[in-house]
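Here are my notes on this model, set out as numbered points for you to read beside the coordinates.

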Amino acid sequence: MQSQEAPGHYYVGIDVGSASVRAALVDGRETVVAHADQPVQVWEPLPGHYEQSSADIWAACCSVTKKVVCGVAAEQIRGLGFDATCSLVVLDKHFQPLAVNWEGQNHRNVIMWMDHRAASQVEHINATKHRVLNYVGGAMSVEMQPPKLLWVKENLQESWEKAGYFFDLPDFLSWKATGVTARSLCTVVCKWTYTPDKGWDDSFWKMIGLEDLVKDKYEKIGNHVLSPGEAVGRGLTPEAARDLGLPEGIAVAASLIDAHAGGLGVIGADVKGHNLPCENQPITSRVAMICGTSSCHMGVSETPIFVPGVWGPYFSAMVPGLWLNEGGQSATGKLIDHVVRGHVAFPELQSKAAASAHSIYTYLNSHLDLIKKSLPVGFLTVDLHVWPDFHGNRSPLTDLTLKGMVVGLTLSRGLDELALIYLATIQAIALGTRHILETMQAAGHDINTLFLCGGLSKNPLFVQMHADITGKPVVLSKEVESVLVGAAILGACASGDFASIQEAMAKMGKIGRVVQPNHEHKRFYDKKYEVFLKLVEHQREYRSIMNSL
């Protein structure tokens with residue numbers, strides 16, 4: 001089947017992030033023609049508990065979609081794709097929201113991906129050492145769905161008994177659009193322990209105390225699974241079409257987790273003529289890094305590679321026919337915001353940035369250039385070191401009990417010091433990426449180029465530090481909204497306008513800027529990395545000392 005995409009054809013991508021919903025109208029050449037976003041509410045009733053409302057999220061999806069398709073002829077819109085965070089949506093047997101909180105607030109029916117309430121449940125699951133754990137890096141994360149389900153069963157008996165459906169948020173959206181309860185292979189493989197060849201493993205659910213899910217042939221968590229980009233049901237229902245402002249019956253794709261959509265939007269791009277090490281190399285030489293509130297590191301392989309502390313291998317979870325490994329950092333953009341906004345000099349930064357008509361991060365980058373004198377800017381942190389696990393470590397240590405560390409503080413309280421801690425935090429995140437990449441390479445991956453997308457990829461300091469610290473070139477997408485492009489690629493595939501996801505990736509993924517590492521700075525960053533690894537070693541030593549009381 002040849003591409004049928006024509007200049008007048010458009011695809012809608014909807015991306016549900018942690019704090020907002022975004023939609024884009026994308027043409028067949030990866031150009032975002034229109035874009036809109038709207039915030040969604042997050043509740044934090046207790047430390048580590050993060051909740052949302054599926055009704056609030058759907059309303060935002062409808063609002064932003066109507067904005068981006070305004071004035072476009074219905075027949076030009078060919079397909080719709082969703083991506084979302086891997087949050088847990090709880091509905092009753094009539095598809096009504098059920099409370100995931102002790103207050104009994106039914107509208108708050110989503111346990112967010114970054115919620116860590118199920119710490120004891122994930123400990124219990126990992127103690128089983130069940131064989132399914134081999135496919136999540138050897139240990140399950142608290143951010144996956146089985147521990148959250150177990151928490152609901154153990155803590156909210158009424159919600160558990162009334163529950164009819166547990167959806168990953170991307171699957172909730174495709175159900176809302178089509179009325180079909182099919183799940184995406186991406187979500188169930190990456191977050192629920194499903195395997196494409198064997199399906200659900202009864203013994204795992206029984207062993208962890210969730211045998212109830214086995215009894216009804218997994219109807220509550222999904223017994224009909226589709227590959228990402230496959231058309232769901234008969235397309236958009238009349239009700240959803242009215243809600244979204246789209247034509248009834250247009251193709252709706254099986255969805256992706258947001259990071260995987262970002263990977264899809266960048267990892268397959270044509271790099272000819274840019275003198276990159278991945279040119280004329282298989283796609284397996286690339287890692288897609290999606291960096292926003294958190295960061296994910298997506299690497300693919302032709303055969304399964306088991307990487308300690310890195311999720312996967314997941315078959316066909318992002319690129320059909322390839323195995324996916326997914327490293328990650330639970331707090332990156334959120335950590336930078338936390339460090340900068342919590343500093344005593346933040347009000348001064350805010351007012352100076354506003355006066356210069358720049359964002360606070362553009363202003364901080366300029367300020368670092370002013371204070372670096374003759375040094376390369378990265379060398380300013382020779383005496384200041386950060387361990388970035390303020391929200392635990394996802395990869396490669398899989399230890400949610402780890403804490404953040406800062407070494408090298410002084411009594412200074414001004415803008416210079418704020419700029420330095422900001423720089424040291426960005427470097428720590430990049431050093432964490434190096435730690436993940438080295439672990440993947442030690443296990444058998446052969447990676448030579450990073451492809452970055454997401455909000456943090458718009459920060460030139462963040463990008464340069466990742467190039468310098470990993471020693472690898474960084475490729476930025478021509479279209480900065482790569483996650484939305486990934487969602488739109490799904491819609492394009494579901495419409496039948498492309499023969500495969502791979503074809504759509506190559507034709508709709510275009511690269512923009514390439515950032516090369518400064519190899520002359522390698523010795524400095526090798527030393528910083530040595531200190532970085534010592535920090536976690538020392539933290540564990542301190543814990544051991546205190547635990548011996």
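1. In this predicted model, the span of residues 288-494 is 41% helix and 18% strand, and its end C-alpha atoms lie 23 Å apart. The span is taken from an unreviewed UniProt entry, where the annotation "domain: Carbohydrate kinase FGGY C-terminal" covers residues 288-494.

2. The largest pocket holds about 1200 Å³ of space. Of the 47 residues that line the largest pocket, C291, G292, T293, S294 and G455 are the closest to its centre. By class, this lining divides into 19 nonpolar, 16 polar and 12 charged residues, which is worth keeping in mind when the pocket is inspected.

3. Several elements contribute to that lining, and at least two residues each are supplied by β2 (20-27), α10 (258-266), β13 (286-291), β14 (295-301), α11 (333-341), α13 (360-371), α14 (415-443) and α16 (482-494). The largest share, five residues, comes from α11.

4. Strands β13 and β14, which both appear in the list above, deserve a point of their own. They are joined by a hairpin through three residues, and they pair in the antiparallel sense over five bridges. Within this pairing C291 stands opposite S295 in β14, and C291 is also among the residues closest to the centre of the largest pocket.

5. On its other pairing, β14 is joined by seven bridges to strand β16 (residues 323-329), and the two run antiparallel. Here H297 stands opposite G327 in β16.

6. Why is β14 described as largely enclosed by the rest of the structure? The reason is that seven of its seven residues are buried, where buried means under 20% relative accessible area. In a regular strand the side chains alternate between the two faces of the sheet. For β14 both faces are covered, with S295, H297, G299 and S301 buried on one side and C296, M298 and V300 buried on the other.

7. The second largest pocket has a volume of about 380 Å³ and is lined by 18 residues, of which V132, Y135, T195, D197 and K198 lie nearest its centre. The lining of this second pocket comprises 10 nonpolar, four polar and four charged residues. Strand β15 (residues 311-315) gives the most to the lining, with three residues.

8. Two cis peptide bonds should be checked before the model is processed further. One joins G312 and P313, with omega about 5 degrees, and P313 has its place in strand β15, the strand that gives the most to the lining of the second largest pocket. Another runs from S395 to P396, with omega near 0 degrees, and P396 lies in the loop between β17 (385-387) and β18 (405-407).

9. Positive phi values in residues other than glycine also merit a look. For K217, phi is near 55 degrees, and this residue sits in the loop between α8 (212-215) and β10 (225-226). Is K217 buried or exposed? With a relative accessible area of 66%, K217 is exposed, because exposed means over 50%.

10. K373 likewise has a positive phi, near 55 degrees, and its place is in the loop between α13 and β17. At 73% relative accessibility, K373 counts as exposed. Helix α13, at one end of this loop, also supplies at least two residues of the lining of the largest pocket.

Terms used:
Residues numbered from 1 in each chain as written. Predicted model: local features only at pLDDT ≥ 70, side-chain atom pairs only at ≥ 80, totals over all residues. Heavy atoms only, no water. UniProt positions renumbered as here; feature names shortened; annotations may be inferred. Helix = DSSP H or I, 4+ residues; strand = E, 2+ residues; numbered from the N terminus. 1 Å grid on protein atoms, 1.4 Å probe; cavity = no way out; pocket = protein on both sides within 12 Å on 5 of 7 lines; lining within 4 Å. Points joined across faces, edges and corners; volume = space filled by probe spheres on them. Nonpolar A, V, L, I, M, F, W, Y, C, P; charged D, E, K, R; others polar. Buried < 20%, exposed > 50% of the residue type's maximum accessible area, 1.4 Å probe, protein only. Pairing = 2+ DSSP bridges.
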